[in-house]
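Thank you all for coming; I would like to walk slowly through one structure today, beginning with a single residue and working outwards from there. Please have the sequence and the model open while I talk.

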Amino acid sequence: MRTPPLPLLLAKFHPPRAPSAFVPRARLLTALRGPARPKLALITAPAGYGKTSLMADLERALRADGHATAWLSLDASDDDFGQLVRCLVGAVRARHPGFGENVTVLLQGGVGIGDESIVRLLANELSALPDPLAFFLEDAHELCDTLLSGVIRSLVTGTSPHVQFVISSRREIALGVGRLRATGLLAEIGWEELCFTAVEVREYFARANQLALAPDLVAKVLARTEGWAAALQLASLALGPRRSLAALLDRFEGDERGIAAYLADDVLRHLAPDVRDFLLQIGPLGSVCTPLCIAATGRDDAAALLARIQSANIFLFASDSAPGWYRFHPLLAEFLRRRLARTSPGALREVHTRASDWFAAAHGYDSAVEHALLAGDLERAAGLLDTHAYDLWRRGHQSRLDGWAREIPAAQRRRFPRLRLVQAWSLMLAGRLSAAIAILDDVAGQLRAASDELVSAMPACRDPSLPGQVLFMRVMVAFYREEIELAESLCERWLLDPAATDPFLVGAVKSVLAGVRGLMYEPAYARREASSIADLLEESGTTYGPIWSYSILGAVCLGIGLLSDAIAALERAMTFAERTGGPDTPLAAMPATILALARYERDELAAADELIARFAHAAERVNFADFQISAFVVPARLLAARGEPVAALALLDAAQRTLGADPQRPARIHAHLLHEKLRLLTRERHASELRDLLRDPVLTRPISDYLPTRVGGAHAAIRAQARIRASLARAEPEIGLALARRWIAYLQVRRLPRPEVAFRLLAARAAIEMGQESAALRDLRSALRVAAPQALTRPFLDEDPPLIARVAHACVALGETGPDHRSFFAGLAASLAAAPAHARLVVGDEGAPPRRLGRRELEVLQMVARGCSNREIGETLGLTENTVKWNLRQSFQKLAVKRRVQAISRARELGLID
């Protein structure tokens, strides 16, 4: 017999067929289907009040009026983010083929996109539908409050007005929709409104039992059932052709559960024995089809029995759009499960075990696991998860996998290494690297100790691919942590394994090795293997592989200063992302953010700003240091470039709280944060904050700790740049110059333009402080020659005004020496001339280009001119006496004087103070 499609694919996405005795609820439909339909309709009542029937009636009415609809019947398996989003997309796709492909691709294992970005994209795609849509969500009480507030609420409030939601629940759900209520866009229907009226009771029994009830009997029905729809239907079923309704009503009373149990028991008692036994067996399954019933009960007459049950209208609903599938009313399913558990618990376990076998054979592995757990067969559930873990993970069941795994005792779970490796991968993507490493260490230990006895107890240990999988995950953890030597060693070891043939894994490991060598300032491997890596990842068919690989290649090229190559690789990564997930897909967030830094370095500020603005919402949980660094460097530098240094510093402080304080993140992130703050504070002369920052341990180590090494690479370079700036702030330019010279010599040999330009600019700054103008000019000219081929512009514009003036002079001189890169020098000179002056400038004794006097230094100097003592100045400005002295020393140095009287005279001469 042909197995119908699994219910996830069809039955959940269509309302149940209307029963023959269905009574339309016109009084309730009016407010929900008029021209001014509410944005949200909440239907809240306990089980059996007719919520689903009302929603299905409304859905049919709207479709008859020509409106588009989508339907999703929620159950306990949907209490998972990935499963819920897939089902939401599937519900709309049932009416709009092709809908949501850009959303579902983000759920695939390994992508690691944040939940908020996925929900936002889904809301945008719903809003982009051409016609109004009514979205029906049945049984929202099956979802936890986190999903209700994080997903459903975001969809309700984040979609355009032409998307309407109709949601049913057995309990009050917190969606935070007070604004909708206040603006009249919320309709609420509770159990009181759902209760049948006298007119509806009379019509129901006329349709169901061909009875014309007298007014007194209608009143008795209402008194006994209180208009509860489930009680009415059960009473109709129990009534039969020869029983008295009045006598039946006299024999039951109590609460809803008691009435339902009594009537359901009465209904079962009057069924034929074969139908009753069959119903008890299949009822606990909830949703069934004929092949599933045959497998679960072993009965060949399952099809005929299902037809008899449906014809008797015993709370079994057929799906119009999922042929062959039926579902029980939840009240009856619960009653049957309780009855079977009480009378024959072994039979209940057997039914779930057989259902698990059937779903596994039909490739419905998630349902197979669920039924194995319901059967209490933890060993079978763990085995299914271990066998199919990668398939379930790649389909986006990461959180469900974690939930299922937690139901299996830890000692038992240890016997299933593939399941544990998938758990480790999910932990790694979530940034929980220590927890992931603990699992890897344990699995690796088991594999090393795989004796015959252990293999007998853990058959999965026979899998020859397991050691390679463990090693691959260690590679990824080391890369995300930027443990450079370890990552390089693991990559080389993995690639030497003859069994390493999977194109995705080979491409991923080669990408990591390219990134690691790039961090070592050895880009040759990345250049040589770039096309091979791309071919491997495209061959593997993975969604995220090429995006990730080209992003790494782009970051390598950007780090060393090959801006043209970096831009090409990052734009290719964005092309792959947009081809997979559509425009503005969160998949493009990583390459776009790194690309923004490349554009910024070329002084393409509008392009950089546009990229950051497009993908700021997606800057979540991506374990790639270059992405995280770009995500705070670019916005902060854009703010500073617009003359908003205070806002830029605030942004860096926020980044330091969220990124720099996490010990699991690479130390390079903290070093970049430190360098950016140091650069801004020095430029803006924030003396107090600068003094505090100079105490950072990264800036107080022996100078030998900052020298270039092969392993140090990019991390050592940014630490050294921060240390040189600290030396300049401490009035120790000779230390900074010596360190800069060591780095310049190291970088010249390797031809790495971006870091060489940075160190030459710092060397020029130090030389100026030491009065070595000729040396400073030589460094500036060399920096310009190195920067010109790649149009590396912003490093010059972001320096202090004294250096900027000298750079402009050097640009003019170089532009006159020949045609090479003349346009770059001319363009940079023009940009330098147009750069805003963020502070007052002074001129040195020798007519050198101006040096800036900070705001606080001017305030202190003004009060000195008024005859104030250091203590008085400190009390007035809220500074310590030492800070006042520090500001005065800075002013003396810039004004080229040694005493207070000389400083006052020089400042008045220049018009800086009154």
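Arginine 380 is where I would like to start, and you will find this residue in helix H20, which covers residues 378-394. Please keep in mind throughout that what we are looking at is a predicted model. Is arginine 380 buried or exposed, or something in between? Its relative accessibility is 23%, and because the buried class ends at 20% and the exposed class begins over 50%, arginine 380 counts as partly exposed.

If we set aside the neighbours within four places in sequence, arginine 380 is in contact with Ser356, Asp357, Ala360 and Ala372. With one of these, serine 356, the contact is a polar one between the two side chains, at 2.9 Å. In the same part of the chain we can also look at threonine 353, which is 27 residues away from arginine 380 along the sequence, while the C-alpha atoms of the two are separated by 8.9 Å.

Let me set beside it a second residue, leucine 780, which belongs to helix H41, residues 773-787. Leucine 780 has a relative accessibility of 1%, and therefore counts as buried. Not counting residues up to four places away in sequence, leucine 780 touches Leu761, Ala764, Leu803, Arg806 and Val807. Valine 757 lies 23 residues from leucine 780 in sequence, and the distance between their C-alpha atoms is 8.6 Å.

Now let us step back to the whole protein, which has 914 residues, of which 57% count as buried. Its secondary structure comes to 48 helices and ten strands. If we take the contacts between residues at least 6 apart in sequence, 70% of them join residues at least 24 apart.

The strands deserve some time, and a reminder may help here: strands of a sheet pair through backbone hydrogen bonds, either parallel or antiparallel. In which order do the five strands of the open sheet lie? The order is S2-S3-S4-S1-S5, and the pairing is parallel. At the edges we find strand S2 (68-73) and strand S5 (186-189), each of which pairs on one side only. On average, and with direction ignored, neighbouring strands of this sheet are turned by 10° against each other.

Inside that sheet, strand S3 (residues 133-138) runs parallel to strand S4 (residues 163-169), and five bridges join them; among the paired residues, leucine 137 has isoleucine 167 in S4 as its bridge partner. Strand S1 is joined to S4 by five bridges, with leucine 40 standing opposite phenylalanine 165. S1 is also joined to S5, by four bridges, and here alanine 41 has alanine 187 as its partner.

What can we say about the side chains of S1? In a regular strand the side chains alternate between the two faces of the sheet. In S1, Leu40, Leu42 and Thr44 point one way, whereas Ala41 and Ile43 point the other way, and all are buried. Since five of the five residues of S1 are buried, this strand is largely enclosed by the rest of the structure.

Helices lie across this sheet as well. Helix H6 (residues 145-158) lies across strand S1 (40-44), S3 and S4, and runs at about 145° to S4, while helix H3 (residues 81-93) lies across S2 and S3, at about 145° to S2. For H3 we can make a small check: at 1.5 Å a residue, its 13 residues should span 18 Å, and because its end C-alpha atoms are 18 Å apart, the two values agree. Eleven of the 13 residues of H3 are buried, so this helix too is largely enclosed by the rest of the structure; among the buried ones are Phe81, Leu84, Cys87 and Val92. At the N-terminal end of H3, aspartate 80 acts as a cap, with a side-chain oxygen 3.2 Å from the backbone nitrogen of glycine 82.

There is also antiparallel pairing to look at. Strand S8 (residues 325-328) pairs in this sense with strand S6 (residues 287-289) over three bridges, and serine 287 stands opposite arginine 327. Strand S7 (residues 316-318) likewise pairs with S8 in the antiparallel sense over three bridges, where alanine 318 has tyrosine 326 as its partner.

Finally, a word on cysteines. How many disulfides are there? The count comes to zero. Two cysteines you may like to find are cysteine 491, which counts as buried at 0% relative accessibility, and cysteine 811, which is buried with a relative accessible area of 2%.

Terms used:
Residues are numbered from 1 along each chain as its sequence is written. This is a predicted model: local features need pLDDT of at least 70, side-chain atom pairs count only at pLDDT 80 or more; totals for chains, interfaces and linings use all residues. Side-chain values use heavy atoms; hydrogens and water are left out. Two strands pair if DSSP finds at least two bridges between them. Helices (H or I, at least four residues) and strands (E, at least two) are DSSP runs, numbered from the N terminus. Axes are lines fitted to C-alpha atoms, for helices over the stretch in contact, and angles run from 0 to 180 degrees between N-to-C directions. Contact means heavy atoms within 4.5 Å. The expected span of a helix is 1.5 Å times one less than its number of residues. Buried means under 20% relative accessible area, exposed over 50%, partly exposed in between (1.4 Å probe, protein chains only). A polar contact is a pair of N or O atoms within 3.5 Å; within protein, one must be able to donate a hydrogen and the other to accept it, and residues adjacent in sequence count only if both atoms are side-chain atoms. A disulfide is a pair of cysteine sulfur atoms within 2.5 Å.
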